[in-house]
Amino acid sequence: MQATGPNAGDEPPARVGRAEAARWSGALDLLKLVRARPGVTRAEAARALRVGSGTATEISSRLRALDLIAERPAPPSGRGRPTSTLHAHPDGPLAAVVDIRQSDWRVAVCDLEGALADTTAGRHASKRPERVFAAVGEAVGELARRHGGRVRAVSVSTAGTVRRGRIEQASVLNWRDVEVPPLLPGVSQALGNDATLAGLAEARLAHPGRSVLFLTIETGIGGIFVDGGRAVTGASGAGGEFGHAPFGDPDVPCPCGARGCWDVAVDGRAVARLRGEAEPDDPRSYLIEALVDPAARAAVAECAAVLGRGAAGLVNVLDPEVVSLGGLAPELRRAAEPAFTEAYEAGLMGFRRDDPPRLLPSVLGPDAPLLGAAEAAFDAILTEHGIAAWTEERAP
């Protein structure tokens with residue numbers, strides 16, 4: 001994910017001194033713990049952070065006074081002293097998160113615990129990005145008006161290749177070389193590919209601490225490898241474009257400019273092509289219908305085999321602990337399980353077949369790109385400078 005905007009770099013806002021920023025370095029550990037484990041008890045937090053109970057109490061008291069966390073009495077355990085559970089403060093910092101898809105968009109706010117709220121949606125004609133961003137910017141501005149200074153970052157998920165802070169290409173949107181304008185002037189902004197962000201959320205929230213290969217099918221296939229909670233996006237941010245690996249038919253062109261892309265070998269476009277039909281206007285809906293159509297069984301099985309073979313290749317290369325399938329990928333696998341499994345197992349290196357990585361359906365559903373955008377936003381919010389700026393604004 002790539003940050004843009006006025007406060008996107010490493011330098012703190014001018015009004016925040018480095019000494020003040022450093023003062024909050026210890027408190028950040030507690031905030032990040034609450035984000036990762038909402039409802040953690042103060043006693044558990046002390047143990048996780050390896051500090052004494054008095055230190056944990058002092059830090060949580062400071063954060064509570066600044067509207068950064070809230071405490072609630074923990075249910076009685078029958079032994080030991082009563083403790084409290086730690087949560088997002090009802091007046092605490094928020095991220096404005098955006099998901100721009102093929103024909104629609106969604107905007108919401110997300111709090112420290114990852115709870116989405118105030119969701120607004122709209123449809124768009126994708127050929128005019130400036131109109132899309134105008135509508136999305138209005139929705140983000142309305143959120144900021146409702147929540148005031150609580151909105152500390154904006155994070156945008158888009159169905160396209162993101163490189164050096166721009167949308168390099170988005171074939172499903174028919175966009176190329178598009179700059180995303182500041183949607184909330186004066187607030188830092190991040191931009192990421194939708195599959196990258198969905199995979200980031202899936203890895204951090206569903207498989208914390210694991211190396212995760214995430215693959216998702218919507219229109220085409222996308223994904224990301226997340227290692228140590230970090231999405232591996234390469235030198236310019238365009239890494240993880242697994243859909244453009246040459247796992248498909250080399251005679252089939254892809255809108256990206258390459259031939260033989262995996263992207264056009266596993267979705268509704270591929271099923272239609274294998275059936276001798278014209279490319280559908282809505283490949284996602286077409287695939288959903290084809291999965292339950294007996295007449296499409298052979299084409300679906302071919303696509304499932306291509307999915308399994310490509311997944312095996314990436315497992316061989318990346319060595320993940322978990323392979324998570326999102327979007328329509330679990331349904332494609334289920335519709336033609338034998339074809340998928342045969343191709344997947346045949347594609348694995350021999351030593352991997354005895355102990356392959358866990359292959360699981362994603363658990364976050366259609367909110368995954370928004371939740372991933374929130375992860376990227378809070379990576380920017382939960383910094384020494386970000387918390388120091390929040391503190392200064394609340395100083396009397």
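Two strands are said to pair if DSSP finds at least two bridges between them, and strands themselves are DSSP runs (E, at least two residues), numbered like the helices (H or I, at least four) from the N terminus. The model on display is predicted, with local features needing pLDDT of at least 70, side-chain atom pairs counting only at pLDDT 80 or more, and totals for chains, interfaces and linings using all residues. Residues are numbered from 1 along each chain as its sequence is written, and side-chain values use heavy atoms, with hydrogens and water left out.

Begin with the whole chain in view, which holds 13 helices and 16 strands, and whose C-alpha atoms fill a box of roughly 70 × 50 × 35 Å along the principal axes. If you colour the residues by burial (buried meaning under 20% relative accessible area, with a 1.4 Å probe and protein chains only), 51% of the 396 residues count as buried.

Next, select the open sheet of 5 strands, in which the order is 14-13-12-15-16 and the pairing is mixed. Strand 14 (230-231) and strand 16 (358-361) are at its edges, and because each has a single partner strand, one side of each lacks a neighbour in the sheet.

Now narrow the selection to strand 15, residues 322-327, together with strand 16: these two pair in the parallel sense over 4 bridges. Within this pair, show Leu 325 and then look across to strand 16, where Pro 361 is its bridge partner.

Conventions:
Buried means under 20% relative accessible area, exposed over 50%, partly exposed in between (1.4 Å probe, protein chains only).
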